[in-house]
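Me: I would like to go through some labels used for a protein model and ask what each one rests on.

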Amino acid sequence: MTERSKRPRRLRASRAIRAMSREARVHPAQLILPLFLVEGDDAREPIDALPGVDRLSIDAASGVIDRAMSHGILGFALFPRIDKSQKTVDGSSALRDDSLACRAIQTLSRRFPEAAFIADVALDPYSSFGHDGIVRDGRVINDETVDVLAAMAVLMAEAGAAIVAPSDMMDGRVGAVRSALERAGLHDTVIMSYAAKYASAFYGPFREALGSMPVVADGVPSNKRTYQMDPANADEAIREAALDLEEGADILLVKPGLPYLDVVRTLATTFEAPVAAYHVSGEYAMLRAAADRGLIDFRHALVESLTCLVRAGARQVLTYAAIEAAAFLQSEGVDD
Ligand code: PBG
């Protein structure tokens with residue numbers, strides 16, 4: 001028998017040695033829980049496309065946040081579902097200071113001063129076309145949209161959002177948001193920019209949750225390919241990220257998550273800014289669907305997915321299953 005001095009299996013031989021040798025681990029403080037909000041009292045509406053996720057009224061969201069914080073989760077990204085009657089072509093109800101998003105941020109940021117609330121900055125919840133910007137003559141127009149987004153970001157930051165997250169992919173929006181925040185004296189507001197956001201088929205369940213599916217109408221694009229990135233492109237993500245940093249972004253977000261690990265890694269090694277990854281609705285729904293059919297174990301597949309995002313270089317990870325993941329991590333069930 002040949003003598004083998006090189007045996008990588010030595011570092012896998014026991015749970016203790018594996019644990020002390022592990023390169024990447026997910027900590028609950030890195031997890032950000034997206035929450036879908038609706039008007040009402042004590043409202044919890046199940047979302048068909050996202051089993052286990054509910055749309056919540058502000059008071060019901062408080063309960064979930066309490067539970068999440070007891071597991072060490074500190075970040076919450078808020079997405080309001082806006083009533084159809086308030087959706088317009090120009091998404092103007094995004095600028096109402098009594099909007100559901102504003103009221104939620106005001107209430108929740110005061111109730112949970114230890115948490116960080118992340119306000120989405122994009123027009124899709126407010127657009128009758130489901131687009132992230134103003135639609136005119138069959139186009140999603142850039143510069144006027146950017147002006148609205150800058151005003152929206154200030155509104156959200158004034159309401160109490162520690163982080164504003166432009167998720168719209170208009171050109172120049174980070175710079176406009178940063179200048180508007182500075183002008184308003186909001187020097188500490190963090191910009192988490194969706195720097196590399198792809199035109200992905202994995203957003204379907206999210207759009208169902210918000211009722212923001214882009215409409216198929218004459219002359220209006222029914223997809224977001226004129227502003228979200230082509231899934232085939234990675235070099236372009238570097239250019240987008242460089243622009244966002246130059247314009248004043250603090251955190252660069254890559255979205256979706258797992259299919260774009262190369263992009264997470266590239267941005268994390270190219271730039272010094274933290275990179276976040278969004279494990280999106282379609283990724284969550286796939287895990288749930290497979291688990292419901294008994295094909296995979298949900299929690300192991302989930303924690304593996306999140307660990308891989310962190311291993312690739314993500315500092316923060318957005319996931320709809322943040323509470324389950326944190327609870328599982330705390331129970332040390334990962335290595336079972
Ligand atoms: C839109 C927005 C989307 C998501 C977050 N913000 C969908 C879209 O671009 O149509 C998707 C998140 C998910 O699928 O979990 N500004």
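The turns below take up the ligand and then two cysteines.

Reply: This is a predicted model, in which local features need pLDDT of at least 70, side-chain atom pairs count only at pLDDT 80 or more, and totals for chains, interfaces and linings use all residues. Residues are numbered from 1 along each chain as its sequence is written, and side-chain values use heavy atoms, with hydrogens and water left out.

Me: Why is C102 called buried?

Reply: Buried means under 20% relative accessible area, exposed over 50%, and partly exposed in between (1.4 Å probe, protein chains only). C102 has 1% relative accessibility, so C102 counts as buried.

Me: What makes C308 buried?

Reply: The relative accessible area of C308 is 18%, and therefore C308 is buried.

Me: How many disulfides are counted?

Reply: A disulfide is a pair of cysteine sulfur atoms within 2.5 Å. By this rule the count is zero.

Me: What makes the pair between Y320 and the ligand a polar contact?

Reply: A polar contact is a pair of N or O atoms within 3.5 Å; within protein, one must be able to donate a hydrogen and the other to accept it, and residues adjacent in sequence count only if both atoms are side-chain atoms. An N or O atom in the side chain of Y320 is 2.5 Å from an oxygen atom of the ligand. For R207, the distance from a side-chain N or O atom to a ligand oxygen atom is 2.6 Å. A polar side-chain atom of D132 lies 3.0 Å from a ligand nitrogen atom.
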